[in-house]
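I opened the notebook to record what I looked up in this model, going from the whole chain to single residues. The entries are kept in the order in which I made them.

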Amino acid sequence: MIVRLGVFSSSAVSRLGREHGLFDDAGVQLVEHRVQSSVHAFQDLDAGGLDVLLTSPDNVLAYRLNKSNALGRKLDVQILRGADRGLGLSLMAGPAIKDAEQLRGRDLGVDAAATGFAYTLYALMHQLGMTAGRDYRVVEQGTTPARREALLAGRCSATMLNAGNDVVAEQVGCDRLLRVSEAIGPYLGSVLVARRTWSTEHRNLVARLLDAWTLATELVLDDAQAPNVREMLATMLSCSTDVAEKARQILIDPHEGLLTDGSIDGSLQTVVDLRAANNGFDDATIVTGSSANDLGLSWQA
């Protein structure tokens, strides 16, 4: 059965799993669809144009718990599994920026101003002594690859990059100002998400998809696959194999890399706390001391 997967950046797990027939063996025809932004992605997910989405867990908080999200209504979405711990997510400055202080009065790029990695940007900029609106401007520029291109073209002076886009940017003169894993702590970078009605209706399909995703994750992490993963990343990121190897090292890193078991652990709390610190919940009381299961965020096999 066809499963339409929405991605911001092409997934190494999805691609290697498909190349090795792991999803086909599970009876899942996984088809990637590149999304333009988190707003468009959740709009498509809600309308049934996508079945599953690989996205920041903060987006699930925004669209499931808040009516004040960009679509103006709560969506019945839930997390199927954790995918990674941020994949090197960092505040990256453009080649023209030689010191963090130069970011004052500049445009900083985000996907959407009130979801996802934007909250990590605000937190890191706060550590640098700067506040959005007062010390710098926030401009919405779409997905991570689009923000990387905007950074290199000078359309923003800094942004959040990960999943290999960060190491590619470094190679052409961008500076990694702060790394989320070091400056903030354990972080749940991305998750697989679906509509509750779809996952309930296709419970067996979801179970097979998740089993295949776990096998594909293990394959990416397998040392024997290192040459294949390196070549695949070089193609995906349009970079040299040396740069691709640096991206691969992040994939296998235990603190920032892929999640084998897909568990939603305390790293989700970091995401919740970042949103709460920016008054990002319509009702803050519903998240106080609540787990992903308490909030109905997690799919149960």
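The entries below begin with the overall fold and then turn to one helix and a few chosen residues.

**Entry 1, the whole chain.** I noted at the outset that this is a predicted model, and I read every value that follows as computed from it. I counted the secondary structure and found 13 helices and 10 strands in the protein. I then looked up the radius of gyration, which is 18 Å, close to the 19 Å that the globule rule gives for 301 residues, so the protein is as compact as a globular protein of that length. Along the principal axes, the C-alpha atoms fill a box of roughly 50 × 50 × 30 Å.

**Entry 2, burial, contacts and surface.** What share of the 301 residues counts as buried? I found 56%. For contacts with a separation of 6 or more, I noted that 78% come from residues 24 or more positions apart. The accessible surface comes to about 12,200 Å², and carbon and sulfur atoms account for 48% of that area. I also looked up the charges: there are 28 positive and 37 negative ones, and their mean positions are 5 Å apart.

**Entry 3, helix 10.** I followed helix 10 over residues 203–221, which makes 19 residues, and its span from the first C-alpha to the last is 27 Å, close to the 27 Å expected at 1.5 Å a residue. Which of its residues are buried? I listed L205, V206, L209, L210, A212, W213, A216, T217, L219 and V220. For reading such a list I kept in mind that an α-helix has 3.6 residues a turn, so residues three or four places apart point the same way.

**Entry 4, positive phi outside glycine.** I looked up A163, which has a positive phi of about 55 degrees although it is not a glycine. A163 sits in the loop between strand 8 (158–161) and helix 7 (165–171), and with 30% relative accessibility it counts as partly exposed. S238 likewise has a positive phi, near 55 degrees, and is a residue other than glycine. I placed S238 in the loop between helix 11 (226–237) and helix 12 (241–251); it counts as exposed, because its relative accessibility is 67% and the cut-off is over 50%.

**Entry 5, G185.** Is G185, in the loop between helix 8 (180–183) and strand 10 (190–195), buried or exposed? I found it buried, since its relative accessible area is 13% and buried means under 20%. G185 and V35 are 150 residues apart in sequence, and their C-alpha atoms are 28 Å apart in space.

**Entry 6, K67.** I found K67 in the loop between helix 4 (57–65) and strand 4 (77–84), where it counts as exposed at 57% relative accessibility. Leaving aside neighbours within four places in sequence, K67 is in contact with G72, R73, K74 and D282. I also checked F281, 214 residues from K67 along the chain, and the C-alpha atoms of the two are separated by 9.3 Å.

**Entry 7, D107.** I closed with D107, which lies in strand 6 (residues 107–110) and counts as partly exposed at 24% relative accessibility. Beyond its neighbours within four places in sequence, D107 is in contact with R137, V139, R155, C156, S157 and A158. Returning to A163 from the fourth entry, I noted that it is 56 residues from D107 along the chain, with 22 Å between the two C-alpha atoms.

Notes. Residues numbered from 1 in each chain as written. Predicted model: local features only at pLDDT ≥ 70, side-chain atom pairs only at ≥ 80, totals over all residues. Heavy atoms only, no water. Helix = DSSP H or I, 4+ residues; strand = E, 2+ residues; numbered from the N terminus. Expected span 1.5 Å × (residues − 1). Buried < 20%, exposed > 50% of the residue type's maximum accessible area, 1.4 Å probe, protein only. Rg over C-alpha atoms; globule rule 2.2 N^0.38 Å. Contact = heavy atoms within 4.5 Å. Areas by Shrake-Rupley, 256 points an atom, 1.4 Å probe, with all protein chains shown as cover. Lys, Arg positive; Asp, Glu negative; His and termini not counted. Charge placed at Lys NZ, Arg CZ, Asp CG, Glu CD.
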